[in-house]
2 protein chains.
Amino acid sequence: MIDQIRTRVTEILGIRYPILQAGMIWASGYKLAVACAEADILGTIGSAGMKQDLLRSQIQKARALTKKRIAVNIPLLRGDAAELLEIAIGEGIDVIISSAGNPALLAPRIKAAGVTWIHVVPSIKHGKKAQDAGADIVVGEGFEAGGHNGVDEITTLALIPQLVDALSVPVVAAGGIADGRGFLAALALGAEGISVGTRFACTIESSSHTLYKEAVVAANDAATTLFAKRIAPVRAIKNRWVEEVRKAEAAGATREELEQVYGRSHSRRGILEGNVEEGELEAGQSSGLIRDIIPAAEVVKRFVEEFEQNLNRLRRIQS
Amino acid sequence: MIDQIRTRVTEILGIRYPILQAGMIWASGYKLAVACAEADILGTIGSAGMKQDLLRSQIQKARALTKKRIAVNIPLLRGDAAELLEIAIGEGIDVIISSAGNPALLAPRIKAAGVTWIHVVPSIKHGKKAQDAGADIVVGEGFEAGGHNGVDEITTLALIPQLVDALSVPVVAAGGIADGRGFLAALALGAEGISVGTRFACTIESSSHTLYKEAVVAANDAATTLFAKRIAPVRAIKNRWVEEVRKAEAAGATREELEQVYGRSHSRRGILEGNVEEGELEAGQSSGLIRDIIPAAEVVKRFVEEFEQNLNRLRRIQS
C-alpha cells in the first residue's frame, strides 16, 4: 500500500491520505470519526441532527478514544450554528467544516479562533465567497452527492476543474466518489483531496440503521433522486414517501403545500430508525458502487490500494 | 506529445487516441468530422437535423477529403432512422453511432452489414440492452452532457465505473469532459475512451453559428440547465426562451401544454442561426471550461498534452 499521498490538503490537515469523511446527519457520530482518524484520514462528527449537549458529549467521547485530529461539521442553516461552533472550539476541535449556508456568518469567529476552516460549496460563485471569507480549503460538492445539494445542479466532473481554475486555495471533490477509481479521477481533475459520504455511511462504525445501510447496498445507479427542490434540494433513495413528494412537485405544488407533504423528521426516521419506505434515505449516486458493510479502515485501505492500481493501469496505456 | 494512448476502443476503431467527436445537431457536419479524423481521433457526421439527401452529400464530401474512417451518428428517435442507416451503409460508412432510442430497432441491419456499432446510453439498464443487442462499444453519457439526456439524471462520475463493472464491452465516457483533466479522469474511472461534444461544437470547423460558439465561451459553470423533462430532457444554455419553458414546467403544465410552449425548430434557430435568446443553445456543463474557438486539431493536441501533464502530476504525489 502507498505510504502517503501528498497534497496541500494533507499538509494543512496533517493526515496521510487526502480523504475527508464527510459529516452526515444521523450517520456520523464519534465512532465513525474516531475510526477514520485512526485510519489516517480526516474523521468528522456531523452535528446535523444533534442537540448542543449531544455534540459536546460526542466530541468528549471521540477525544477519549483518539489523539488524532477530529473535525466537526456544522450546517449553517441551523439556527444555533454559532452555539454549535462555540461548543466545538471550546472542546478543542481545530478543524471546522461548514456547509449549507452563507460562509460569512461564522467566518469572523472561526478566523479569530485560529482553527482550520473547510467550507462546502456547489458552484464557483459560492467557492469564491468562501475563499474571500477566509476558508483554508473549499469542498466542491456535485449534483450526484447524497443529502442537501445546490440549485445549479453542477456535477462533480464539471465543477472541480472549473473550481480549481477559479480559486487559489486547495479544492476537495465531493459527490459520486465511493472507490479508488473515483479518488484517482478527482485528483486527475485537479482536486487535492476527496470528501466521501455515502461509502462511510455504509460502514460498521456509522450510527445509521442497518436497514438504511442495506438499502444503500441494494441501490443501483438509478436508485436515487434529487427532489424537494422548491424547499431545499436533497438527494435520497426513491421510496414511497419520496414518490409522494415528487408527485406533488410535478403537479406544481406551492412551497407551502410542498412543506406540508415533505413534513418533518423523515431523515431521522429513515437513516436512524431504518424506516425504508417512509423515511428520507439520504444517499448519493455512488450507492450503486457500494456492495458491502465493512469497517471504515477497510474503506480507506481499498481507496488507497485502488488508487495505486488504477494509476499503474493508466501508466501502461500511453506510449 | 504522447504518440499513442492504447485501449480496446483505439484497437476497434483504428485511431491513435481514444477520443470520439460526438455527433451534434447543427454543429457536426463533414468539415468537423474530417478535421477530427485527420487528427487521429474518430470524426463523426451528426445526422440529426439533416434530411436524407443532405446526409448522403455530407458523407460524399467527407470521403473526398479524407481516407481516414468517419462515423455517422443516427438518433433512433428519428422516424426515418432506418433510411438514414441505409444511406450511411450504402456510402461505405463502417462506424455507426446510435443514440436516443431503443438499440434493438436497428441492431439486425447493423450487425448484418458488419459495421462497427457504438450505442449511447444514460444508465446501466440501457447499457446492458445495448450490449445484448450486439453493440461493440457503449458510450455512457452523464447528466452534465449537452443536448438530449436520460430521465435518471446519473452523472458521468457515478455512471462510468458502475457501467464498467456491469458490461464486458468497452465503455466510453461522455458528458462534462472538455480538457485533458476530464480525459484522464474518465480513463481513471475505467472508461476506455471519451466522447466529446461541446468542446468540438466550439471549433472553427463546427457548422454551428459564431454567436452560438461565443455563447458557449461566455458560459460559466451554472449557465446550463436540464429542462423540458416532461417532453424529452435536454440541456442547453439558459436564455429567455428556456426560462419560459421552465416557468411552464414549474407551474405543473401538462405534456401537451409544454409541447406548445417548447415549440419547434428552436435548436436550428439557436445553434445554426445564432439566435441566442430565442434558440435552443444545446451545450454541456463543461461550457465553463471552454474559453476559445480553435481548430479541432488544436483541441485534440490539448487533450493529449494535458492528459500527459496531469498523469505526470499524479505520479509525483504518491510515495
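**Two chains and their strands: a chat**

Mentor: Let's begin where the chains meet: in this predicted model, the contact takes 47 residues from chain A and 47 residues from chain B.

Trainee: Okay! Which helices of chain A supply at least two residues each to the side that touches chain B?

Mentor: Those are α7 (156-166), α8 (180-188) and α14 (296-317) of chain A.

Trainee: And how many residues on that side are nonpolar, polar or charged?

Mentor: The side of chain A that touches chain B has 21 nonpolar, 18 polar and eight charged residues.

Trainee: What rotation superposes chain A on chain B?

Mentor: A rotation of 180°, with 0.0 Å of shift along its axis, and the RMSD is 0.0 Å. The two copies are thus related as by a two-fold rotation axis.

Trainee: Nice. Why can we say the copies meet through the same surface?

Mentor: Because 100% of the interface residues of chain A are also interface residues in chain B.

Trainee: Switching topic: is strand β3 of chain A mostly covered or mostly open?

Mentor: Mostly covered. Strand β3 spans residues 70-75 of chain A, and six of its six residues are buried. I70(A), V72(A) and I74(A) point one way from β3(A), while A71(A), N73(A) and P75(A) point the other way.

Trainee: What about β2(A) and β3(A): parallel or antiparallel?

Mentor: Parallel, over four bridges, with β2 covering residues 43-46 of chain A. One example is I45(A), whose bridge partner in β3(A) is V72(A). Between β2(A) and β3(A) the chain crosses through helix α3 (residues 52-65) of chain A, and this β-α-β crossover is right-handed.

Trainee: How many bridges join β3(A) to β4(A)?

Mentor: Five, and β3(A) runs parallel to strand β4 (residues 95-99) of chain A. There, A71(A) has V95(A) as its bridge partner in β4(A). The chain gets from β3(A) to β4(A) through helix α4 (residues 81-90) of chain A, in another β-α-β crossover that is right-handed.

Trainee: And what holds strands together in general?

Mentor: Strands of a sheet pair through backbone hydrogen bonds, in either a parallel or an antiparallel way.

Trainee: So where do I look for antiparallel pairing in chain A?

Mentor: Try the open sheet of three strands, in the order β7-β11-β10 (chain A). Its edge strands are β7 (147-148) and β10 (224-227) of chain A, each pairing on one side only.

Trainee: Which residue of β11(A) is the bridge partner of G147(A)?

Mentor: R235(A). Two bridges link β7(A) to strand β11 (residues 234-237) of chain A.

Trainee: Last one: which helix lies across β10 and β11 of chain A?

Mentor: Helix α11 (residues 240-250) of chain A, which runs at about 40° to β10(A).

Technical notes:
Residues are numbered from 1 along each chain as its sequence is written. Chains are lettered from A and ligands numbered from 1 in the order in which they are written. This is a predicted model: local features need pLDDT of at least 70, side-chain atom pairs count only at pLDDT 80 or more; totals for chains, interfaces and linings use all residues. Two residues are in contact if their C-beta atoms, placed from the backbone, lie within 7 Å. Ala, Val, Leu, Ile, Met, Phe, Trp, Tyr, Cys and Pro count as nonpolar, Asp, Glu, Lys and Arg as charged, and the others, Gly among them, as polar. Copies are superposed by least squares on the C-alpha atoms of residues with pLDDT of at least 70 in both. Two strands pair if DSSP finds at least two bridges between them. Axes are lines fitted to C-alpha atoms, for helices over the stretch in contact, and angles run from 0 to 180 degrees between N-to-C directions. A residue is buried if 20 or more other C-beta atoms lie within 10 Å of its own, exposed if 12 or fewer, and partly exposed in between; C-beta atoms are placed from the backbone. A crossover is right-handed if, with the strands pointing away from the viewer, the path from the first strand over the helix to the second runs clockwise.
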